[in-house]
Amino acid sequence: MATRPQLFDFSLLSTISEPHKAAMREYFFLNREMGMVRSGIKVFRRLASHLSTPFIIDDHRFGIVTQGEATVTINLQEKTLCAGMMAFLAPGSIITDIHFSPDFDVRGLALFASYPMPFPADRLPGIFNGEVRDFQCPADEQQLDITHRLMDLIWLMVTSSDSPDRATLNSLIAALMNHYDSVYHACERIPSYSREQTIYDRFIYLVSRYAKQEHHLAFYADKMCLTERYLGSVVRQVSGLTAKQWIDKSLIACLQAELRHSDKTLAQLADEMNFPNTSFLCKYFKRLTTLSPLAYRNGR
């Protein structure tokens, strides 16, 4: 059965922590609907030797960096996370690289696909409607205090009872979701980007979302109501890479994640990622990585 990787996979954490289960219980929580990391130092040290990039996030992730620093490439963009930042990852986000300092500590929560969202589909807070793939924002003291208090309450509920009151838990999760949404929109209101940077950021968002099926610049130019020539010019001006190179980077990252962390056949991947056939996929992958898909899958 094909599996999809997750950043700091909670099931992996449970497995590698089994010999120290009692000691680790105070640091993480896991059930079929959600996972929580209360303090990350010991957790991250155990996971560091087990992480294999790239990987894909299949759930909603909320985090607070409490100390240290990390450099993470998320959805094609390198991000620096440091103490006092709040971060969010949406399902489908791709992580292609991660490095963190020895003192890096984070607390966070993951809502798995099996968790029943506490909002009707048409009333989800803005960052959960598919228009935001990820964000990282420096937070002020009040924003951080609210986040910690909400996570403390959620942690208390899920760890103090095998059957926490669902209505109360849902209300706390809903409050956390609304809070992250408000922090994101507060960050967005800070004017800092030129028109070119805004166009580039929108392009990268669309590529990280659609590159598995859409391999041509024309699709993205049409989505942005721009000409291919203008969009290509802006992307190269801002990033130093062509638009096609960014599309290729995203597509290769998706392929690498699937090859490394799933048992899907090449025929399945060719079909899912809109390649004409398996032979075309193999030639494309080898041209951009110097390895055949099977050699990459086998770690050679």
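Me: What share of the 300 residues of the protein counts as buried, and what makes a residue buried?
Reply: In this predicted model, 49% of the 300 residues count as buried, which means under 20% relative accessible area (exposed is over 50%, partly exposed in between; 1.4 Å probe, protein chains only). Local features need pLDDT of at least 70, side-chain atom pairs count only at pLDDT 80 or more, and totals for chains, interfaces and linings use all residues. Numbering runs from 1 along each chain as its sequence is written, and side-chain values use heavy atoms, with hydrogens and water left out.

Me: What is the mean pLDDT of the protein?
Reply: The mean is 87, and 86% of the residues reach 70 or more, where pLDDT is the predictor's confidence in each residue, from 0 to 100. Over residues 1-7 the pLDDT is below 50.

Me: What makes residues 228-239 a helix, H8?
Reply: Helices are DSSP runs of H or I with at least four residues, numbered from the N terminus, and H8 has 12 residues. H8 reaches 16 Å from its first C-alpha to its last, close to the 16 Å expected at 1.5 Å a residue; the expected span is 1.5 Å times one less than the number of residues.

Me: How do you know that the buried residues of H8 line one face?
Reply: Leu231, Gly232, Val234 and Val235 are the buried ones. Seen down the axis of H8, they fall within an arc of 165 degrees, so they line one face; the arc is that of the directions from the helix axis to the C-beta atoms. The face turned away carries the exposed residues Arg229, Arg236 and Gln237.

Me: Which helices do the buried residues of H8 pack against?
Reply: They pack against H6 (195-210), H7 (217-223) and H9 (243-261).

Note on methods. Contact means heavy atoms within 4.5 Å. Helices (H or I, at least four residues) and strands (E, at least two) are DSSP runs, numbered from the N terminus.
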